[in-house]
Amino acid sequence: MNTARMTTVTCPNCRRVNRIPVAAEGRPTCGQCKQALPWIVDAGDDDFAEIAERATQPVVVDLWATWCGPCRMVSPALEQVARDLAGRIKLVKVDVDENPRLSGRFEVQAVPTLLVLDRGETVARQAGAAPAHVLRSWVEQAMAGRQTAGGG
């Protein structure tokens, strides 16, 4: 399945609004200033494989629910991490109530549940909300472990 779905993101550097694909190879850059863009997209049961598992960079998955207070608190922190690590990660948000297959597959028992995927394989997992600096450190540690274990 090749979804031509697009999303928009504002460049943190020059403030230009860019249209970027939700699933693509490589990393999105601003059409104006060429800086790396934060890649933040939604995915579900039907397109998760294409959007998250086939991504060529590490993917942070936010498994959340609309009724969840801690989910609403952690969302801005995760978006800050995506901006801080633009060009290095992709943030994929999954509403567990609307996507029961993914919820079951990842054995979600509490929300938010956060994962770091490397080429579709879970390399880190945690439940609960945390501030942006803690989340960034967690993601960077997971990526560092991936680089030493995976050689790249």
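**Exercise 1. Work out which residues of strand β2 sit on its covered face and which on its uncovered face, then place the strand next to its partner.**

Step 1. Strand β2 covers residues 17–21, and its covered face holds Asn-18 and Ile-20. Val-17, Arg-19 and Pro-21 make up the uncovered face. Keep in mind that this is a predicted model.

Step 2. Now bring in the partner. Strand β1 (residues 6–10) pairs with β2 in the antiparallel sense, over five bridges. Ile-20, from the covered face, has Thr-7 standing opposite.

Step 3. Look at the link. β1 and β2 form a hairpin with six residues between them. In the turn, Arg-15 has a positive phi of about 75 degrees.

**Exercise 2. Find out which side chains of strand β3 are buried, and which strand β3 is bridged to.**

Step 1. Go along β3, residues 39–42, and the side chains alternate. Trp-39 and Val-41 point to one face and are buried. Ile-40 and Asp-42 point to the other face and are not buried.

Step 2. Next, the pairing. β3 runs parallel to strand β5 (residues 90–95), and four bridges join the two.

Step 3. Pick one bridge to check on screen: the buried Val-41 has Val-92 as its bridge partner in β5.

**Exercise 3. Asp-95 is a buried charged residue; work out what surrounds its side chain.**

Step 1. Locate the residue: Asp-95 belongs to strand β5, the strand that is bridged to β3.

Step 2. Try a salt bridge. The cut-off is 4 Å between a Lys or Arg side-chain nitrogen and a carboxyl oxygen. For Asp-95 the nearest side chain of opposite charge is Lys-93, 10 Å away, and there is no salt bridge.

Step 3. Try the backbone instead. A polar atom of the Asp-95 side chain lies 3.0 Å from the backbone nitrogen of Asp-97.

Step 4. Add the contacts. Setting aside neighbours within four places in sequence, Asp-95 touches Trp-64, Ala-65 and Thr-66.

**Exercise 4. Zoom out: how does the radius of gyration of the protein chain agree with that of a compact globule?**

Step 1. List the elements. The chain has four helices and seven strands, in the order β-β-β-α-β-α-β-α-β-β-α.

Step 2. Compare sizes. A compact globule of 152 residues would have a radius of gyration near 15 Å, and the chain has 15 Å, so the two agree. The C-alpha trace spans about 45 × 35 × 30 Å along its principal axes.

Step 3. Finish with burial and contacts. Of the 152 residues, 47% count as buried. Among contacts with a separation of 6 or more, 59% come from residues 24 or more positions apart.

Technical notes. Residues are numbered from 1 along each chain as its sequence is written. This is a predicted model: local features need pLDDT of at least 70, side-chain atom pairs count only at pLDDT 80 or more; totals for chains, interfaces and linings use all residues. Side-chain values use heavy atoms; hydrogens and water are left out. Buried means under 20% relative accessible area, exposed over 50%, partly exposed in between (1.4 Å probe, protein chains only). Two strands pair if DSSP finds at least two bridges between them. Lys and Arg count as positive and Asp and Glu as negative; His and the chain ends are not counted. A polar contact is a pair of N or O atoms within 3.5 Å; within protein, one must be able to donate a hydrogen and the other to accept it, and residues adjacent in sequence count only if both atoms are side-chain atoms. Contact means heavy atoms within 4.5 Å. The radius of gyration is taken over C-alpha atoms; the globule rule is 2.2 Å times the number of residues to the power 0.38.
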